[in-house]
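Please open the model in a viewer and keep the sequence panel at hand. The stops below proceed by selection.

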Amino acid sequence: MKRITMRNRMAAFGAVMLAGLASFAQAAGEKPNIVFILADDLGYGELGCYGQEKIRTPHIDQLAKEGMKFNQHYTGAPVCAPARCVLMTGKSLARAEIRGNRDSGNGKKFPGQLPITADAVTIAEVLKEQGYTTGAFGKWGLGPSDTTGSPMKQGFDRYYGYNCQRNAHSYYPPFLDSDEGTVTINKNPIPGHKRQPKGEVKAEDYIAENYAPKLILDESLKFIDKNKDKPFFLYLPFVEPHVSIQSPQELIDTYPKEWDKDREYRGQNGYLPHPRPRAAYAAMITDLDRHVGAVMERLKKYGLDENTIVIFTSDNGPTHGGGDKRFNIGGADCEFFNSRGELKGYKGSCYEGGIRIPCVVKWPGKVKPGSETSFPSYFPDWFVTMAHIGGATLADKDQDGVDITPVLEGAASVKRDVPMIWDFHNYGGIVAIREGKWKAVRRNLLARKGKPAAWELYDIEADPAEKNDVASEHKDVVKQLEKVWLERRTIEPDFPVPFVDGKKELK
């Protein structure tokens with residue numbers, strides 16, 4: 001990955017940002033607060049407002065009633081770290097520094113992920129330049145605290161949560177990260193992975209003293225308390241419902257016992273065992289919903305809810321299957337809950353089920369309550385949009401996203417000059433490009449032998465389930481989308497694609 005000096009970093013930052021366009025009144029503190037809530041592995045069909053019939057999500061459903069529901073919103077990547085990189089930096093996977101999950105390589109038990117560089121300009125930095133106080137609470141995944149990727153070195157004034165995604169595999173970890181240090185939260189932590197082939201599986205065997213999601217929520221509420229009198233950007237990458245399944249027992253008990261009759265999970269598909277995996281998975285999402293409710297209640301307590309835009313979405317689709325076909329990874333049962341709706345694919349896939357995600361936005365006075373949009377949008381759009389909302393102007397017009405403020409205010413669409421692109425480096429290597437109704441997908445880009453799979457093409461408007469590959473009927477469309485991808489992408493040495501970077505033809 002390219003490394004540059006601080007002088008170059010400041011030059012790059014100056015080239016990207018111009019002076020804010022905020023009015024004098026905004027400078028006095030009338031800018032809207034921005035709250036961005038990011039769920040972890042929450043599927044397109046796992047909320048009541050998106051058709052979920054088994055799992056209770058009243059607070060998020062209320063958010064949708066009071067705001068706008070996005071019917072075609074996409075993540076930046078189908079797994080954790082690259083999705084967060086795209087969100088924070090506004091660059092699509094074709095140009096992002098992080099294009100797949102990868103550890104930092106520092107040799108620690110919880111090493112953190114490959115760090116973004118000092119050159120990266122995050123939305124937190126942009127908003128901080130406009131006078132926002134910035135805080136992040138939850139799962140970071142973009143670099144350990146002693147690197148350029150630390151949230152404290154990337155524009156955040158306060159950070160608390162899981163810096164390392166591996167540490168986040170347990171909801172009762174040994175520690176959480178606080179700013180540049182760590183805080184021990186469990187003297188008897190629970191490792192995130194274990195099998196129990198025999199004996200009675202007991203949920204209480206996998207519980208320790210302190211439940212990390214509650215501590216993260218509490219710290220985020222303290223941030224609101226402390227900064228209620230000035231504009232703030234609150235980034236909440238909550239960890240639920242990413243497995244392991246370790247949800248609060250009082251919520252598990254509210255779901256039917258018959259769901260899990262003779263279905264105890266013993267850890268055979270990774271992560272931790274659980275005696276009632278379906279009920280406990282539903283409880284994780286309901287607990288996430290309670291977190292959203294707590295944040296909304298705290299905003300309302302201080303009268304901030306009328307001048308705050310709240311964005312809720314997910315980092316990618318629901319977890320995929322494993323060796324035991326009765327369960328998805330970690331014991332989840334995504335077929336039982338219809339977690340991806342009618343879409344194809346899961347997490348790790350660039351089919352719709354892996355990258356199309358729920359998204360609801362509340363912004364009083366701007367977003368019409370109970371409204372919906374089918375405008376296709378994705379994570380790079382939020383960088384441009386939040387910058388605009390915060391009063392910043394992007395001098396560098398070479399952005400991968402578009403300002404969707406007009407859509408939030410009721411416009412049917414905005415002009416998109418650059419197609420939505422995913423250049424994904426895990427799961428064999430996948431590229432996907434969406435422009436208008438067309439979506440092209442090519443898998444196996446990192447094949448060590450042979451060549452990548454053939455291009456697939458789908459008319460997403462007519463065929464959102466991607467059942468009908470029409471590549472052979474529209475070769476000209478495939479060729480044009482491939483051309484745009486190759487012209488747009490940059491070479492990232494940490495995530496090479498031999499069939500492209502090696503100058504081989506993609507035939």
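Begin with helix H10 and select Phe379, Pro380, Asp381, Trp382, Phe383, Val384, Thr385, Met386, Ala387 and Ile389, which are buried (under 20% relative accessible area, with exposed over 50% and partly exposed in between, for a 1.4 Å probe and protein chains only). H10 spans residues 379-389, and 10 of its 11 residues are buried. Just after H10, Gly391 takes a positive phi of about 95°. Helices (H or I, at least four residues) and strands (E, at least two) are DSSP runs, numbered from the N terminus.

This is a predicted model, in which local features need pLDDT of at least 70 and side-chain atom pairs count only at pLDDT 80 or more, while totals for chains, interfaces and linings use all residues. Residues are numbered from 1 along each chain as its sequence is written, and side-chain values use heavy atoms, with hydrogens and water left out.

**The mixed sheet**

Select next the 10 strands that form an open sheet of mixed pairing, in the order E7-E6-E5-E4-E8-E1-E9-E11-E2-E12; two strands pair if DSSP finds at least two bridges between them. At its edges are strand E7 (181-184) and strand E12 (371-373), each pairing on one side only. Neighbouring strands are turned by 15° against each other on average, direction ignored; axes are lines fitted to C-alpha atoms, for helices over the stretch in contact, and angles run from 0 to 180 degrees between N-to-C directions. Zoom in on strand E2 (residues 68-70), which runs parallel to E12 and is joined to it by 3 bridges. Lys69 stands opposite Glu372 in E12.

**Two helices on this sheet**

Show H3, which packs on the sheet and touches E2, strand E9 (308-314) and strand E11 (359-362); contact means heavy atoms within 4.5 Å. The direction of H3 makes about 60° with that of E11. Add H8, which lies across strand E1 (33-39), strand E8 (232-236), E9 and E11 and runs at about 175° to E9.

How do the axes of H3 and H8 cross? The axes of H3 (residues 58-66) and H8 (residues 277-301) come within 7 Å and cross at roughly 55°. H3 and H8 are therefore oblique to each other (angles under 35 degrees count as roughly parallel, over 145 as roughly antiparallel, 65 to 115 as roughly perpendicular and the rest as oblique). To see the contact, select Pro58, His59, Ile60 and Leu63 in H3 with Asp289, Arg290, Val292, Gly293 and Met296 in H8.

**The antiparallel sheet**

Move to the 4 strands of an open antiparallel sheet, ordered E14-E15-E16-E17. Strand E14 (420-424) and strand E17 (456-459) each have a single partner strand, so one side of each is left without a neighbour in the sheet. The twist averages 10° from one strand to the next.

Strand E15 (residues 430-435) pairs with E16 over 6 bridges, and Glu435 stands opposite Trp438 in E16. In their hairpin, with 2 residues between the strands, Gly436 takes a positive phi near 60°. On to E17: 4 bridges join it to E16 (residues 438-443). Trp438 has Asp459 as its bridge partner in E17, and Lys439 stands opposite Tyr458. Of the 6 residues of E16, 5 are buried.

**Cysteines**

Finally, select the cysteines: how many disulfides does the whole structure hold? The search finds 0, a disulfide being a pair of cysteine sulfur atoms within 2.5 Å. The sulfur of Cys164 is 11 Å from the closest cysteine sulfur, in Cys80, too far for a bond. Cys334 has its nearest cysteine sulfur, that of Cys80, 14 Å away. Cys164 is buried at a relative accessible area of 3%, and Cys334 is buried at 1%.
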